[in-house]
Amino acid sequence: MMHFADSLTFSGRKVVAAWAALPFPALSGSSLPDTLSAHQQDVPWKLLSSWREQKVSCCFAQSVVLRGICKERPTSCPGQPRSPLHSCESPEQVLQQYFHTQFPGAFSTAHVLQQPCDTRPPFPQFFSPLLTRQGFLLDKAQGFSSAGVESIPVLAALQSSPVLHSLLSGLCQDLRAPNVRRWSSFFTAGVEKDDFQEALEELKTLSQCYQTGFGADGSEDEADSD
């Protein structure tokens, strides 16, 4: 995983964030272009970190894997205007076209696997009754228990993006907040104070590698340096 993350980082960056859509929000009977066309304002996957919710506005590089979207599905819903996504010849091309629109200039790789994620027991049965047995969305609740969901389509992504600036700088501030000099056990365990301060500075420098400009992020750094 470390070598895979290295392939998505450059310019001093070392960290990638994990994102996922579990399940991928596809309506029953819809195609991949239909689903992605409905998410032009915001991507349909969420940050897995415990950090506060962040919208993805841009990224530097990403690798995305989509499972369980059947290639034989219809190319568009009746009455829905065709989009550039509907003109693509393969699911991989659909994803690449979507990434090109959402994240222009970013390095993106896409892989599509037809086999869905198996969710039969002992997989936790926490699904909404708005899912079919194959994990696709319905307009209204189905007649059987959500425990009957046998598989789901899933999208997972590793992404190097400016979101990591907020996450890493927030972590740095949280570590600076406590007065570690009061915790004698912290340093008797083998941590040197100078090494700790050096690690904090390295973390702050790493967070700055994910900045894309000035403004709110810059004010955070100024406050941190004070």
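**Close-up views of a predicted model**

**View 1. Glutamate 201 and arginine 176 join two helices.** At 39% relative accessibility, glutamate 201 counts as partly exposed. Like every view here, this one comes from a predicted model. The partner to look for is arginine 176, which is also partly exposed, with a relative accessibility of 29%. Glutamate 201 and arginine 176 form a salt bridge, and their closest N and O atoms are 2.9 Å apart. Because glutamate 201 belongs to helix α6 and arginine 176 to helix α4, this pair ties together parts that lie 25 residues apart in sequence. As a general reminder, side chains of opposite charge can pair when their charged atoms come close.

**View 2. Arginine 120 meets aspartate 118.** How many salt bridges does the structure hold? There are 2, and this view shows the one between arginine 120 and aspartate 118. Here the closest N and O atoms are 3.0 Å apart. Aspartate 118 is partly exposed, since its relative accessible area is 39%, a value between the 20% limit for buried and the 50% limit for exposed.

**View 3. Helix α6 has a buried face.** Helix α6 covers residues 193–208, 16 residues in total. At 1.5 Å a residue we should expect a span of 22 Å, and the C-alpha atoms at its ends are 23 Å apart, so the two values agree. Which residues of α6 are buried? They are Phe196, Leu200, Leu203, Lys204, Leu206 and Ser207. Looking down the axis of α6, you would find these buried residues within an arc of 160 degrees, so they line one face of the helix. The face turned away from that buried side carries Asp194 and Glu202, which are exposed. It helps to recall that an α-helix has 3.6 residues a turn, so residues three or four places apart point the same way.

**View 4. Serine 169 sits beside serine 207.** Serine 169 is part of helix α4, residues 163–176. Is serine 169 buried or exposed? Its relative accessible area is 4%, so serine 169 is buried. In sequence, serine 169 and serine 207 are 38 residues apart, yet in space their C-alpha atoms are 5.6 Å apart. Serine 207 is one of the buried residues of α6. The side chain of serine 169 also reaches the backbone oxygen of serine 166, at 3.3 Å.

**View 5. Threonine 9 is tucked into a loop.** Find threonine 9 in the loop between α1 (2–6) and β1 (17–21). With 12% relative accessibility, threonine 9 counts as buried. Its side chain reaches two backbone oxygens: that of alanine 5 at 3.3 Å and that of aspartate 6 at 3.2 Å. Leaving aside residues up to four places away in sequence, threonine 9 touches Lys14, Val15 and Val16.

**View 6. Strand β3 pairs with β4 and β7.** Strand β3, residues 61–67, is mostly covered, with 5 of its 7 residues buried. How do β3 and β4 run, parallel or antiparallel? They run parallel, and 7 bridges join β3 to β4 (residues 107–113). One place to see this pairing is arginine 67, which stands opposite leucine 113 in β4. Strand β7 (residues 154–160) pairs with β3 in the antiparallel sense, over 7 bridges. There, glutamine 62 has glutamine 159 of β7 as its bridge partner. While you look along the strands, keep in mind that side chains in a regular strand alternate between the two faces of the sheet.

Terms used
Residues numbered from 1 in each chain as written. Predicted model: local features only at pLDDT ≥ 70, side-chain atom pairs only at ≥ 80, totals over all residues. Heavy atoms only, no water. Helix = DSSP H or I, 4+ residues; strand = E, 2+ residues; numbered from the N terminus. Buried < 20%, exposed > 50% of the residue type's maximum accessible area, 1.4 Å probe, protein only. Polar contact = N/O pair within 3.5 Å; in protein donor to acceptor, adjacent residues only side chain to side chain. Contact = heavy atoms within 4.5 Å. Expected span 1.5 Å × (residues − 1). Arc of directions from axis to C-beta. Salt bridge = Lys/Arg side-chain N within 4 Å of Asp/Glu carboxyl O. Pairing = 2+ DSSP bridges.
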